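Student: I am new to this structure. Please take me closely through one part, the pairing of the strands, and then show what lies around it.

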Amino acid sequence: MVTKDYYSLSEAAKILGKSKETLRRWDRDGKLEAVREPISNYRVYKKTQLEMFSDLLSNDTEDKVDNSVIPLKDYRVLELFAGAGGLAIGLEKAGIKCVALNEIDKWACQTLRENRPDWNVLEGNIKSFDFSKYKDKVEIVTGGFPCQAFSYAGKRLGLEDARGTLFYEFARVVKEVSPPICIGENVKGLLSHEKGQTLQGMISILDEIGYNVMPVQVLKAINYKVPQKRERLILVGIRKDIDIKYDYPKPHNKIYNLSDALKKGELYDNNVPKSEGSKYPDHKKEVLDLVPPKGYWRDLPVEIQKEFMGKSFYLGGGKTGIARRIGWDEPCLTLTCSPAQKQTERCHPDETRPFTVREYARIQTFPDDWKFMGSISQQYKQIGNAVPCNLGQEVGYSIVKFLNDYYSLSNPK
Ligand SMILES: C[S@@+](CC[C@H](N)C(=O)[O-])C[C@H]1O[C@@H](n2cnc3c(N)ncnc32)[C@H](O)[C@@H]1O
């Protein structure tokens, strides 16, 4: 019986009926992440986390969760900040039709057009488009708007207070189009940005333009058939005239790892195709050659640690993402927009190199036939920016379920 707010590793192991070693492994794999006690650095577990996890465990190891649902009619989406189409592919796989996509980056737009010549790609700054012609033509507006600070004139933020930000543009389009449901997608950091005020501001703006915002959730991609520890914050707005419950997609308990991403198996029918990729500079390669699979900078000889980490060596904290070599039997750490970037190395398990473009795409669950346009660094950027397609698909199912209920249970206008 769980009764206090935090539990030690051995208490958590007892509660879940697992060994401490299993819990340590789950922590490393991101399946059940512990928090570190600030002074001792011991693992502790939040009560709410254990409660949620024991619910999942009661389903045991076999994945009984199935979020899939068939759309009862054609549902259409207007996708803003579309990038190379990670979310759009996922929504399409859930049976939702992309009516138009807006994106400013010319390479990402070329990627969208190359792969889906029939998609209506609106290239350019969102600020220069009027979307009112999509009113009553789409049921969903989605968008991963980049996060920016607002200036706070008063306590409760109105739409006009956000003018100049990309969230303003997202909200402006939602207001113009007035869909039954809108979905904003963002990084987890939005929760704490400006001590939570930015997110509160967004919620109050959506309220002002006629949308109730569901309790915000951060979805872990590893729970949605993605072999990567990425997390995305989802902001769901439901038009106020609609009294239908929205449920987030249920987390799966099967966790996929790097081997599932790159080798033939449940996620893909074949090994990852060969493709171009970037290289580490000679010095970085010499250092990373010394790191074992699942290891990181702390596995280096101490003199090399000091030299490689520079000032950060003395700053404390785990920094477990630096000089990291991923293991085949764990999900990958979150991919960034540039694979050779300082302090976020995610090295291939067997070879001392970053993941290739196609390996990157697989870790984000893009299909192998999805081509990326532009230079290699443009391609990495498009992939690193994306919502993993499989996560997008599961979010897509939750939208379809909501719209099915809306159109069958009520008499929509
Ligand atoms: C996080 S990415 C979106 C990823 C996309 N949802 C996916 O799943 O692949 C944000 C995108 O917003 C685009 N963007 C930034 N400012 C923009 C603007 N003013 N107008 C249109 N798009 C913009 C960026 O180029 C980038 O591709």
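Tutor: Two strands count as paired if DSSP finds at least two bridges between them. The model is a predicted one, and the description below should be read with that in mind.

Begin with strand β11, residues 231-239. Strand β8, residues 181-186, pairs with β11 in the antiparallel sense, and six bridges join them. One of the bridge partners can be named: N186 is matched with L233 of β11. Strand β10, residues 217-220, is also antiparallel to β11, with four bridges between them. Here K220 has E231 in β11 as its bridge partner. Strand β9, residues 211-213, runs antiparallel to β11 as well, and three bridges join the two. In this pair, N212 is bridged to I238 of β11. To find these pairings in the picture, look for L233 opposite N186, E231 opposite K220 and I238 opposite N212.

From β11, follow β8 to its other pairing. Strand β7 pairs with β8 in the parallel sense over four bridges, and I140 of β7 has I181 of β8 as its bridge partner. So the sense of pairing is antiparallel between β8 and β11 but parallel between β7 and β8, as the DSSP bridges define pairing. β7 also pairs with strand β4, residues 75-80, in the parallel sense, again over four bridges. In that pair L80 is matched with G143 of β7.

β7 itself, residues 140-143, is covered on both faces. I140 and T142 are buried on one side, and V141 and G143 are buried on the other. Two of these residues have already appeared as bridge partners: I140, with I181, and G143, with L80.

The loop that lies between β8 and helix α7, residues 197-208, contains E194. E194 is counted as partly exposed because it has 14 C-beta neighbours inside 10 Å. The cut-offs place a residue in that class when the count is over 12 but under 20. The C-alpha atom of E194 is 38 Å from that of K371, and the two residues are 177 apart along the chain.

Another set of strands forms an open sheet: three strands in the order β1-β3-β2, with antiparallel pairing. Its edge strands, each paired on one side only, are β1, residues 6-8, and β2, residues 35-36. β1 and β3, residues 43-46, are joined by three bridges, and S8 has V44 of β3 as its partner. Helix α1, residues 9-16, lies across β1 and β3 and runs at about 95 degrees to β1. An unreviewed UniProt entry annotates residues 10-45 as "domain: HTH merR-type". Over that stretch the chain is 47% helix and 14% strand, and its end C-alpha atoms are 10 Å apart.

Last, the ligand. It is surrounded by 20 residues, of which F81, G83, G86, I104 and A386 are the closest. Two elements, α4 (86-93) and β5 (96-103), give two or more residues to this shell. By kind, the shell holds eleven nonpolar, seven polar and two charged residues.

Notes:
Residues are numbered from 1 along each chain as its sequence is written. This is a predicted model: local features need pLDDT of at least 70, side-chain atom pairs count only at pLDDT 80 or more; totals for chains, interfaces and linings use all residues. A residue is near a molecule or strand if its C-beta atom, placed from the backbone, lies within 6 Å of it. Ala, Val, Leu, Ile, Met, Phe, Trp, Tyr, Cys and Pro count as nonpolar, Asp, Glu, Lys and Arg as charged, and the others, Gly among them, as polar. Two residues are in contact if their C-beta atoms, placed from the backbone, lie within 7 Å. Axes are lines fitted to C-alpha atoms, for helices over the stretch in contact, and angles run from 0 to 180 degrees between N-to-C directions. UniProt positions are given in the numbering used here, feature names are shortened, and annotations may be inferred rather than shown by experiment.
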